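Please open the structure in your viewer and keep the sequence panel at hand. The tour below suggests what to select at each stop.

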Amino acid sequence: MNKTEMGSPASGNCSSGSESDERKRKRKESNRESARRSRMRKQKHLDDLTAQVARLREENSHIVAGIAVTTQQYVTIEAENSVLRAQFLELNQRLDSLNEIVEIAGGFWMETGQGGGVIGYGGGGGGFYDGVMNPLNLGFYNQTLMGSASTVPADVFNCC
């Protein structure tokens, strides 16, 4: 039998044709409903992904801005560090020169015993060396000078 014969009243099987049509109609309706739910799930998934993309783009822009700020701070600190290194080298050279002068002057005064005394020291003994260059008065002599840029006035380095 073909399809037209099954559903036709002439075939003598009216109720089975009607049941078959009813099953087809229900299946079509079920398929439509399933397709509608599937489209809704896809749309919800697309909306979720779109919201996630927007959130990630915003987060990325915050990270890029943070990197820019951090990079600027790094450049500023690196420049400041470079200035401090130069100041340290200059002060270290000055200290070496002053230590050399003290060494030479101390040796000279100790060897010659020149000076004839210092006011307030009674004029006796080895002279200048006794009062001013006495090693007991030079507890700082072999100490390294250390300072920071925040404790040293800016014009100290530009005095000459």
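Is D48 exposed, partly exposed or buried? In this predicted model, D48 counts as partly exposed, because its relative accessibility is 40%. Select K44 together with D48, and you will find their side chains joined in a salt bridge with 3.2 Å from N to O; both residues belong to helix 2, where they are 4 residues apart, about one turn of the helix. K44, at 52% relative accessibility, counts as exposed.

Next, select E33, R36 and R37, which are joined into one network by salt bridges that share partners. Within this group, R37 pairs with E33, the closest N and O atoms being 3.9 Å apart, and about one helical turn of helix 2 separates the two. R37 has 40% relative accessibility and E33 has 27%, so R37 counts as partly exposed, as does E33.

Then move to R32 and E29, another salt bridge, with the closest N and O atoms 3.9 Å apart; here too the partners lie in helix 2, 3 residues apart. R32 counts as exposed at 53% relative accessibility, whereas E29 is partly exposed at 44%.

Now zoom out to the whole chain, which has 3 helices and 0 strands, and of whose 160 residues 8% count as buried. Colour by pLDDT: helix 2 (residues 14–112) has the highest mean among the elements, 93, while helix 3 (residues 128–131) has the lowest, 47. Finally, select residues 115–131, where pLDDT stays under 50 and the model has 25 contacts beyond four places in sequence.

Terms used: Residues numbered from 1 in each chain as written. Predicted model: local features only at pLDDT ≥ 70, side-chain atom pairs only at ≥ 80, totals over all residues. Heavy atoms only, no water. pLDDT = per-residue confidence, 0-100. Contact = heavy atoms within 4.5 Å. Buried < 20%, exposed > 50% of the residue type's maximum accessible area, 1.4 Å probe, protein only. Salt bridge = Lys/Arg side-chain N within 4 Å of Asp/Glu carboxyl O.
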